[in-house]
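Subject: Structure for you to look through

Dear colleague,

Please find below the structure I promised to pass on to you. I would be grateful if you could keep it open while you read the notes that come after it.

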Amino acid sequence: MIWLRLAWANLSLSPLASLINVALMALGTASAVLLILAGAQITDTMSRDARGIDLVLGAKGSPSQLILSTVYHADIPTGNISLAEARRWTEDERIAIAAPLSLGDSFRGFRIVGTQPSFLELYDASVESGRGWEQPMEAVIGAAVAAQSKLEIGDRFFGSHGFAEGSHTHESETYRVVGILNPVGSVVDRLILTSLESVWDLHGEGDHNHSEDHDDQGAHESTEHSHEDHGPDDSLASPEHDHGDADEHEAEHADSLEHDHDHDHDHEHDQDDAHEAEHAHHESENDHEFEEDHDHDHDHDHDHDHEAHDEHSADTREITAVLLRYRTPLAAISLPREVNAESNLQSAAPPMEIARILRLVGLGLEGLRAFAWVLIVTACLSIFAALYGSLRSRRRDLAMLRCLGATKLEVFLAMLSEGLLLSSAGVLAGFALGHGAIVGVGMWLEQSRGVSVAALSWAPAETSLLITLAAVSLLSAALPAAQAYRTDVARALSAGGA
Amino acid sequence: MQSAIYVRDLVFSHGDAHTLSIEEFELPGKQSRAVMGPSGCGKTTFVQLLAGLLKPHAGSVKVLGTDLSTLSGSEADRFRGQHIGFVFQQLHLFPALTVKENLRLAQRLARSPADEEYLHRLLTHLGVENLGQRRPDQLSFGQMQRVAVARALAHKPALLIADEPTSSLDNNNAAATIDLLMKSAEEAEAALLVVTHDERLRGRLDGEYPLGGGE
């Protein structure tokens, strides 16, 4: 203790310099801790969200984009795929679970996913209160959605077109909350699940005169996007819509009453590209009788004949993607290759894409990590310089310590204590800052996005960081301490004596 | 009574140019001696030989009956810490520590049990009992000198060595300082060795030893 007391007393003689050294070390450590925790959280979250999904089938394009859009719900989809073509693979004996997805809308930033109950099975999710969706426009919301949006069972809400908040709303029909999911700690918490028909209906509303016949809504006359000349062949293209012109919309709407599915999708669209791409989904096909587990029983009155409609469109219904779980790991060897070679679909395996994405993210993290180490090395050099500088002025003090009976080792420890006190304070402050920052970001993410972050958890890499920091700190303090150890007492004292 | 210091046939040299040679020197216990000589005659070297910080090339240096040349480095450190107190011209109080902490450090390094009552008595005896919580930069030179003496005696050594304690002081302060050292050593029942080139101290201690033949 006496050496720590002496070290503390010596450091307190020059508080500003000591504070700067501690701050430097704290900043470097905090940066490194922050990067480790962020990297661990990203890896953990990505792995957790993709757990149980072996393969994703979607439209050709970037496999990373396909995974990001359909597994993480963090990007726009690559396009639509034919339901018939997808079914060829979902019914393959090598598949244990298949969950089709229809994307395109959101509510307050939470994505609305048209799917089937197999989706819950895929994610080990279950309904905590209420029940699962049975009819179109019934929605089951994730735990985070419920917490953030304050939606309760029985509440109704409008879906917004696209994935960004502020997009125009589908005011022709409302979703009704019929169930709330258990929190599962994955992306499911942040999703709104509904039937495939809901999405198809909503995006086909221009073709089906919903605005005339839906009697459970009060806002049917609102600004649906223009569905002028929809056609099945255009569903994978980026249609151009003009969402801003109500008059034009009404004219288009009138056209849609004719149920003409050979629309031409080249009308104007003044939204951004992302919106356009999002728009690619479900606006061309309007099948109201998808062969799902439950009957398609609209509680509103469509003025078209589903059966008749199905006859001419059964082969052209589209979805966004299908999430698959293999029955056997051997499927991983053959199925992806077969899909890519024998169909117009693209297959993407989440583990491979996660690795690819993490490599890209990792490059950025590596750069930042290098910067953090520059800060840490600077801090160590600064501590080294401070201790080495103080050696000159304190050579006689060290000699006096020896005269009072201190051994060389004790003098070494005295000097080492000072360096370690500085670096320990900096490292501790850095770890506190790093975790504090993650706690702050975690609270913000929890409140704004419903993403849970384990801010106080200790990442294994932090132990390595701590050991490395201890070694570097020890080295930076040990060099001046070794000089102190070698202090020539006779010379130091004679400089001030006879 | 056992000699505080006994030196016989001592030879120590810094290369060929500087050689310290002492045929015989003795300081009996509880007495005082002045080792006098001009600057550069090897007085500080002699102090370091007595402290066990240097080892003689020939002869023996015994302090309190112990031949320091037979001790290892760390043994010599411990011996010095326990049995010898030092007062230097430059004082060398630790600037970061308070007066009390300076004294406690001396006790701690001597491996003596903490004795706050003794430290208080010591400070009271030296007239600086109210300065215990002050740091050296808050003291006058005279006060610092008293604290330095107190620190040298904090662990109750049997030998007090003062290296040039009066060289930068005026006559009054030089006289006061030497009085302080003699009185303190007497109170502590310690032998006192003053190494100095200050001619004003001639005749003030129990005996004198001229040093100067070695260079």
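What follows is a short account of what was found, beginning with confidence and ending with one helix.

Please keep in mind throughout that this is a predicted model. The predictor gives the complex an ipTM of 0.85 and a pTM of 0.64, and for chain B the average pLDDT is 88, with 96% of the residues scoring at least 70. As a general caution, predicted coordinates should not be read in detail where pLDDT is low.

Turning to chain A, you will find 17 helices and 13 strands, and of its 498 residues 48% count as buried. If you consider the contacts in chain A between residues at least 6 apart in sequence, 81% of them join residues that are at least 24 apart.

The largest nonpolar core has 116 residues, and those that touch the most other members are B:Leu50, B:Ala150, B:Leu159, B:Leu160, B:Ile161, B:Leu193 and B:Val194. Once neighbours within four places in sequence are set aside, B:Leu193 is in contact with B:Ile5, B:Leu27, B:Arg33, B:Val35, B:Leu159 and B:Ile161. There is also a second, separate core of 63 residues, which includes A:Leu68, A:Ile81, A:Ala99 and A:Ile141.

Where the two chains meet, the contact takes 31 residues from chain B and 23 residues from chain A. On the side of chain B that touches chain A, the elements giving two or more residues are α1 (43-51), α2 (73-83), β6 (84-88) and α3 (99-109) of chain B, and it is α2(B) that gives the most, with 7 residues. By character, the residues on this side of chain B divide into 13 nonpolar, 11 polar and 7 charged.

Finally, how many of the 11 residues of α3(B) are buried, and why is this helix largely enclosed by the rest of the structure? The count is 9 of the 11, so α3(B) is largely enclosed by the rest of the structure. The buried residues of α3(B) are B:Val99, B:Asn102, B:Leu103, B:Arg104, B:Leu105, B:Ala106, B:Gln107, B:Arg108 and B:Leu109, and they pack against α1 (2-12) of chain A together with α2, α4 (116-125) and α5 (141-153) of chain B. After α3(B) comes B:Arg111, whose phi is positive, near 60°.

With best wishes

How values were computed. Residues numbered from 1 in each chain as written. Chains lettered and ligands numbered in written order. Predicted model: local features only at pLDDT ≥ 70, side-chain atom pairs only at ≥ 80, totals over all residues. Core = buried A, V, L, I, M, F, W, Y, C linked by C-beta atoms within 7 Å. Buried ≥ 20, exposed ≤ 12 C-beta atoms within 10 Å, placed from the backbone. Contact = placed C-beta atoms within 7 Å. Helix = DSSP H or I, 4+ residues; strand = E, 2+ residues; numbered from the N terminus. Nonpolar A, V, L, I, M, F, W, Y, C, P; charged D, E, K, R; others polar. pLDDT = per-residue confidence, 0-100.
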